[in-house]
Amino acid sequence: MSIQDYKKTYFYNKAQIVLFNENGILIDTCNTLINMVGDKKQSVFDNFPFLEGIKAGLQKLSYEDGDLYFPRVEVSFQNKDWVFDFTFRRSKDDLSTIVWMIQDLTDQYMYLLTVQQERNESIIKRQLLEARHHSIVLQKEIEHLNKIHQIRIDYLDKVSHDIKIPIREISGMSFLLKEYVKEEKGKEYLENLSGAAQNLVGMIEQMMEISQIHSGQIQFRETAFILHELINIVVNTFKYSSKKSDIPVKVNIDTEVPVYLMGDKVRLSQILYNLINNALKFTLEGSIKLNVHLKQKKLEEKNCTLHFHVIDTGVGIEQQDLLYVFAPYHQTKLSKKVPNEGIGLGLTIVKELVELQGGTIGVNSTPGEGSEFYFTMNFKLQ
Amino acid sequence: MKSISKKIILTGSFCVGKTSLISRFVYQRFPFNYQTTLGVRIDKKLVETGDVNVNMIIWDIGGEQTQARVPESYYLGSSGVIYVFDLSRPSSFYNMANDVEFIRKKLPKSPIIIVGNKVDLLDERTLEEVKSILPIEPDFYTSARVGNNVEDVFLKLAQAMI
């Protein structure tokens, strides 16, 4: 056999030409790779899913479009995996005929497949290593930040403790001094002095609390309590404290709300206190409502979810401020009539305490009409 | 009952589970060994949508890092697209918005279903974190290994194409 014959034979065995018309009827084929003799007078579109998918495109193919080329078509055929390149072209001699050239490139592509597979696996391994490295770096940064944070908390703790003692002394002394001051103006000044000192202590305690929450040091203690009693105690605090207000706080607990519950009663009191305190601060006339509804009760699992609403008839919150109402140190623009107290941590603490216990919290408000803060909380049934 | 044939393509980055999704859908099995798809493989399956039977001709396209590298001829005659990414591998979804835009321009009339695969590899918390950084919210979170939502993906696409 001459080298020319070898060459012819080699290429002859690597390619097949198929001719079919627009309806897919087989006109001729050399059958080098795929035996299609039996398919004569049948539509090739029906026998080859590949062709079925591009039937409309082939029917529209014109001679001017040139070659329509599909590289790397993986086909399982006659118990063998093949990788073909397909090329379609409208015949120049007979425009009703489509020429389909099948090239067997299995050996070449199988080599490429190995390379491609190794490349893909190596990219994934590299990405995993990068992610692991990134995670280690982040972990170290977190540890470093935690150390700094702990130093800050310890420092804040010490400073606040040191500050609270003299402030309490100021508060106590101003209270005692009232006995010796006879003039009304002097009593008023002392009252203001005592109030300012108490506010300062409250602010320091809030800062400590938010630091504890953010450092994950806060713990919740589950105890049994009677919901109605807890709410009464919170509401009565405002009746008898120095923050006494003329605005009434009306409580409405739905009858289906379970009375005997298990949960962190101290934190629940704190949440309700902060929300009512906030509502009172921004309400100059009207009333505050505290409504409690049952959202869900699962007797089998002995738990329930309650929905709390604190509704005021206060100054309301502008739309642009609603997004930031729970953000730390955020204070809305206040009406001139509303005293600007606090440092903007009360609602942040409430949100954190609700969410850390698996609840959700939100707010609706209309400027000039009032606000509604609502939250859900899960409790066990006694 | 009326029957129609529709070509669909599954595309996305490499090693995101396109072939596994097809294997789960067509043959109800999951291939545990990863074997890359070099070019394109074709499978068929009949999907019953109620009024119409859709004979799906499924083109499983080899994963590329961007859709621009997929041979243009592969898009020819596609009536629907399933774009797949790997929820556990961020590099497979960073380019998702550009890819989907690219496909929309190529096939403006074809519905595109976006699928976040390998959901079984993520715990609930990690899944929420991943969701928060996805450029586009997927239509389905699937697991080809377990079979979660796989049938629904193809059914939804079939319904969208008729």
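In what order do the eleven strands of the open sheet stand? They line up as β2(A)-β1(A)-β5(A)-β4(A)-β3(A)-β2(B)-β3(B)-β1(B)-β4(B)-β5(B)-β6(B), and the pairing is mixed. A quick word on terms: helices (H or I, at least four residues) and strands (E, at least two) are DSSP runs, numbered from the N terminus, and two strands pair if DSSP finds at least two bridges between them.

Some housekeeping before we go on. This is a predicted model, where local features need pLDDT of at least 70 and side-chain atom pairs count only at pLDDT 80 or more, while totals for chains, interfaces and linings use all residues. Residues are numbered from 1 along each chain as its sequence is written, and chains are lettered from A and ligands numbered from 1 in the order in which they are written.

**The shared sheet**

Let's start at the edges. β2 (26-29) of chain A and β6 (140-141) of chain B each have a single partner strand, so one side of each is left without a neighbour in the sheet. Where do the two chains join up in this sheet? Strand β3 (residues 68-77) of chain A pairs with β2(B) in the parallel sense, over two bridges. Look for A:Val73, whose bridge partner in β2(B) is B:Val40.

Here are the strand pairs to look up, side by side:

| Strands | Sense | Bridges |
|---|---|---|
| β3(A) and β2(B) | parallel | two |
| β1(A) and β5(A) | antiparallel | seven |
| β9(A) and β10(A) | antiparallel | ten |
| β10(A) and β12(A) | antiparallel | nine |

In the β1(A) and β5(A) pair, A:Val18 stands opposite A:Trp100. Helix α5 (residues 106-177) of chain A lies across β3, β4 (80-90) and β5 of chain A, running at about 115° to β4(A). For such angles, axes are lines fitted to C-alpha atoms, for helices over the stretch in contact, and angles run from 0 to 180 degrees between N-to-C directions.

**Where the chains touch**

Beyond the sheet pairing, 21 residues of chain B are in contact with 23 residues of chain A (in contact means that their C-beta atoms, placed from the backbone, lie within 7 Å). On the chain B side, β1 (2-12), β2 (40-48) and β3 (52-61) each supply at least two residues, and β2(B) gives the most, with four.

**A strand with two faces in chain A**

Now move along to strand β10 (residues 303-312) of chain A. Its side chains alternate: A:Cys304, A:Leu306, A:Phe308, A:Val310 and A:Asp312 point to one face and are buried, while A:Asn303, A:Thr305, A:His307, A:His309 and A:Ile311 point to the other and are not. Buried means that 20 or more other C-beta atoms lie within 10 Å of a residue's own; a residue is exposed if there are 12 or fewer, and partly exposed in between, with C-beta atoms placed from the backbone. In a regular strand the side chains alternate between the two faces of the sheet.

β10(A) has a partner in β9(A), where A:His293 has A:His307 as its bridge partner. The hairpin of these strands has four residues between them, and A:Lys302 there takes a positive phi near 55°. With β12(A), A:Ile311 stands opposite A:Glu372.

**A covered helix**

Is helix α10 (residues 346-356) of chain A mostly covered or mostly uncovered? It is mostly covered, with nine of its eleven residues buried. The cover includes α6 (184-214), α8 (265-281), β11 (361-366) and β12 of chain A. Just after α10(A), A:Gly358 takes a positive phi of about 85°.

**Cores and crossing helices**

A nonpolar core is a set of buried Ala, Val, Leu, Ile, Met, Phe, Trp, Tyr and Cys residues joined through C-beta atoms within 7 Å. The largest one has 59 residues, and B:Leu10 and B:Trp59 are among those that touch the most other members. β3(B) provides its largest share, six residues. A second, separate core of 33 residues includes A:Leu306 and A:Val350.

Finally, in chain B, helix α1 (residues 18-27) and helix α4 (residues 150-161) pack at an angle of about 85°, with their axes 9 Å apart. They are therefore roughly perpendicular to each other (angles under 35 degrees count as roughly parallel, over 145 as roughly antiparallel, 65 to 115 as roughly perpendicular and the rest as oblique). B:Leu21, B:Arg24 and B:Phe25 in α1(B) meet B:Val150, B:Glu151 and B:Phe154 in α4(B).

Definitions and conventions
Two residues are in contact if their C-beta atoms, placed from the backbone, lie within 7 Å.
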